[in-house]
Amino acid sequence: AVLNSRETEVLRLLIQGIANKEIAAQMEISESAVKNTIQHLFARTGVRTRSQLVRVALEQYRSFL
């Protein structure tokens with residue numbers, strides 16, 4: 001599945017180990033928007049944790065990041 005620009009940017013920052021609050025500040029969006037995006041990514045990738053999401057991102061979406 002192709003990621004939209006927000007999903008891609010959130011994943012890029014998530015992989016760097018940045019917290020939701022910091023991601024929100026860097027992207028100039030609310031922390032709730034970051035959490036919603038991460039939940040959407042969990043559903044899209046079929047994972048339940050941030051660490052699993054990072055693993056999937058590096059395996060499947062590396063070329064987008």
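**Entry 1: a starting residue**

In which helix does Thr-45 lie? I looked it up in this predicted model, and Thr-45 lies in helix H3. Next I listed what Thr-45 touches, leaving out residues up to four places away in sequence: Leu-53, Val-56 and Tyr-61. I then checked one of these partners, Val-56, by C-alpha distance. Thr-45 and Val-56 are 7.4 Å apart in space and 11 residues apart in sequence.

**Entry 2: confidence**

Before going on, I wanted to know how far to trust the coordinates. The mean pLDDT of the protein is 94, and 98% of its residues reach 70 or more. Where is confidence lowest, and where is it highest? I found the lowest in H4, at a mean of 94, and the highest in helix H2, residues 20–27, at 98. A reminder to myself: where pLDDT is low, predicted coordinates should not be read in detail.

**Entry 3: the overall fold**

I counted the secondary structure and got four helices and zero strands. Along the sequence the pattern reads α-α-α-α. The radius of gyration is 11 Å, close to the 11 Å that the globule rule gives for 65 residues, so I noted the protein as being as compact as a globular protein of that length. I also took the span of the C-alpha trace along its principal axes, which is about 25 × 20 × 20 Å.

**Entry 4: H3 against H4**

Back to the helix that holds Thr-45. At what angle do H3 and H4 pack? I read about 65°, with the axes 10 Å apart. H3 passes H4 in a left-handed crossing. On the H3 side I noted Ile-38, Leu-41, Phe-42 and Thr-45, and these meet Arg-50, Leu-53 and Val-56 in H4. By class, this contact has five nonpolar, one polar and one charged residues.

**Entry 5: H1 against H4**

H4 also has H1 as a partner, so I turned there next. Helix H1 covers residues 5–15 and helix H4 covers residues 50–60. Their axes come within 10 Å and cross at roughly 110°. H1 and H4 are therefore roughly perpendicular to each other. I noted the crossing of H1 and H4 as left-handed. Which residues of H1 meet H4? I found Leu-11, Leu-14 and Ile-15, facing Arg-50, Leu-53, Val-54, Ala-57 and Leu-58 in H4. The class count for H1 with H4 is seven nonpolar, no polar and one charged residues.

**Entry 6: H2 against H3**

The last pair I looked up was H2 with helix H3, residues 31–45. The axes of H2 and H3 come within 8 Å and cross at roughly 110°, and the two helices are therefore roughly perpendicular to each other. What is the handedness of the crossing where H2 passes H3? I noted it as right-handed. From H2, Asn-20, Lys-21, Ile-23 and Ala-24 meet Glu-31, Val-34, Lys-35 and Ile-38 in H3. By class I have four nonpolar, one polar and three charged residues in the contact of H2 with H3.

**Entry 7: residues I met twice**

Going back over my contact lists, I marked a few names. Ile-38 of H3 appears in the contact with H2 and in the contact with H4. Arg-50 and Leu-53 of H4 appear in the contact with H1 and in the contact with H3.

Definitions and conventions. Residues numbered from 1 in each chain as written. Predicted model: local features only at pLDDT ≥ 70, side-chain atom pairs only at ≥ 80, totals over all residues. Heavy atoms only, no water. Axes fitted to C-alpha atoms, helices over the stretch in contact; angles between N-to-C directions. Parallel < 35°, antiparallel > 145°, perpendicular 65-115°, else oblique. Left-handed = near helix turned anticlockwise from the far one by under 90°. Contact = heavy atoms within 4.5 Å. Nonpolar A, V, L, I, M, F, W, Y, C, P; charged D, E, K, R; others polar. pLDDT = per-residue confidence, 0-100. Rg over C-alpha atoms; globule rule 2.2 N^0.38 Å.
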